[in-house]
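Colleague: I would like a close look at a single part of this model, set against the rest of the chain. Please take me through it in one go.

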Amino acid sequence: MNHAGQRETEAAATRSDADDDATLITGSLQVPERFGALFDRHAPVIYRYIARRLGRDAADDLLAEVFLAAFQRRGHYDTTRPDARPWLYGIASRLIGRHRRDEVRFFRAIARTGVDPAAAPLADEVTDRVAAQAVRGQLAAAIAGLPGPQRDVLLLTASGLGYAEIAEALGIPVGTVSSRLVRARQKVRGSVDVLNPVDE
């Protein structure tokens, strides 16, 4: 590659890093390779979300499906939204919905063993894991017992999305997000309190 071509490639990479998601998606309609920057930007958080719900093995395959679906639907993206995370979480949630039985089995396995196979094996998390291992099983059982729509809202909240982003991701009103989250939290809290009553 000559110097001019290299400078052009570097300029395009810098532009992709600075562009918001809507600009990247719009640009990818003409230059499909630009969509790769969207993958680089959001794949780690979407992967963690899927792994938390279905396990690492399923997350590898489903992550590819999420971005393939997003790429295929990019012409319908609402370009008034500069952040594509809610859109990607929505696609991931719908695909996870097709694997509900796998998700429930995954959480029940955590409930039985107390071990979360999706947790990152980092040395600085060991102390937190040991302290939380007893509660993790109870929490996983409670999450497995939630209806799918409540589980979606609870886990999207845990992934850091706000009410408006969750509403956008799932295609539901913000009020529905709020009511589902309240019910999910009550059920989880009630399940954990029953399994682990507070000593007085």
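**Asp21, His42 and their surroundings**

Modeller: The side chains of His42 and Asp21 are joined by a polar contact of 2.7 Å. The model is a predicted one, and that contact is a good place to begin. Asp21 lies in helix H2, which covers residues 21-30, while His42 belongs to helix H3, residues 35-54. The side chain of Asp21 also has a polar contact of 2.7 Å with that of Arg41.

Next comes burial. Asp21 has a relative accessible area of 3% and therefore counts as buried, the cut-off being under 20%. His42, with a relative accessible area of 5%, is buried as well, because that value too is under 20%.

The contacts of each residue fill in the surroundings. Apart from neighbours within four places in sequence, Asp21 touches Leu38, Arg41, His42, Pro82, Asp83, Ala84 and Arg85. With those sequence neighbours again left out, His42 is in contact with Asp21, Phe67, Asp83, Arg85 and Leu88. Asp83 and Arg85 are thus among the contacts of Asp21 and also among those of His42.

Two contacts of His42, Phe67 and Leu88, lead to another pair of helices. Phe67 of H4 and Leu88 of H5 are among the residues through which H4 and H5 meet. Helix H4 (residues 56-73) packs on helix H5 (residues 85-97) at an angle of about 125 degrees, and their axes are 9 Å apart. H4 is therefore oblique to H5. The crossing of H4 past H5 is right-handed. On the H4 side the contact is made by Leu62, Glu65, Val66, Phe67, Ala69, Ala70 and Arg73. On the H5 side it is made by Trp87, Leu88, Ile91, Ala92, Arg94, Leu95 and Ile96. As to the spacing of such residues, an α-helix has 3.6 residues a turn, so residues three or four places apart point the same way.

For the wider setting, the protein chain contains ten helices and zero strands. Of its 200 residues, 40% count as buried. Among contacts between residues at least 6 apart in sequence, 63% join residues at least 24 apart. The chain exposes about 11,300 Å², with carbon and sulfur atoms supplying 55% of that area.

Later in the sequence, helix H8 (residues 148-158) offers another case of burial. Eight of its eleven residues are buried, so H8 is largely enclosed by the rest of the structure. Those buried residues are Gly148, Gln150, Arg151, Asp152, Val153, Leu154, Leu155 and Leu156. Val153 has a relative accessibility of 0%. Beyond its neighbours within four places in sequence, Val153 contacts Ile166, Leu170, Ile172, Val177, Arg180 and Leu181. The C-alpha atoms of Val153 and Ala169 are 9.7 Å apart, with these positions 16 residues apart along the chain. After H8 comes Gly160, which has a positive phi near 100 degrees.

Gly190, by contrast with the buried residues above, is partly exposed, at a relative accessible area of 30%. Gly190 is in helix H10, residues 174-195. Its C-alpha atom is separated by 8.7 Å from that of Ala142, which is 48 residues away along the chain.

To return to the starting point, Asp21 is buried, His42 is buried, and their side chains share the 2.7 Å polar contact.

Definitions and conventions. Residues numbered from 1 in each chain as written. Predicted model: local features only at pLDDT ≥ 70, side-chain atom pairs only at ≥ 80, totals over all residues. Heavy atoms only, no water. Helix = DSSP H or I, 4+ residues; strand = E, 2+ residues; numbered from the N terminus. Buried < 20%, exposed > 50% of the residue type's maximum accessible area, 1.4 Å probe, protein only. Polar contact = N/O pair within 3.5 Å; in protein donor to acceptor, adjacent residues only side chain to side chain. Contact = heavy atoms within 4.5 Å. Areas by Shrake-Rupley, 256 points an atom, 1.4 Å probe, with all protein chains shown as cover. Axes fitted to C-alpha atoms, helices over the stretch in contact; angles between N-to-C directions. Parallel < 35°, antiparallel > 145°, perpendicular 65-115°, else oblique. Left-handed = near helix turned anticlockwise from the far one by under 90°.
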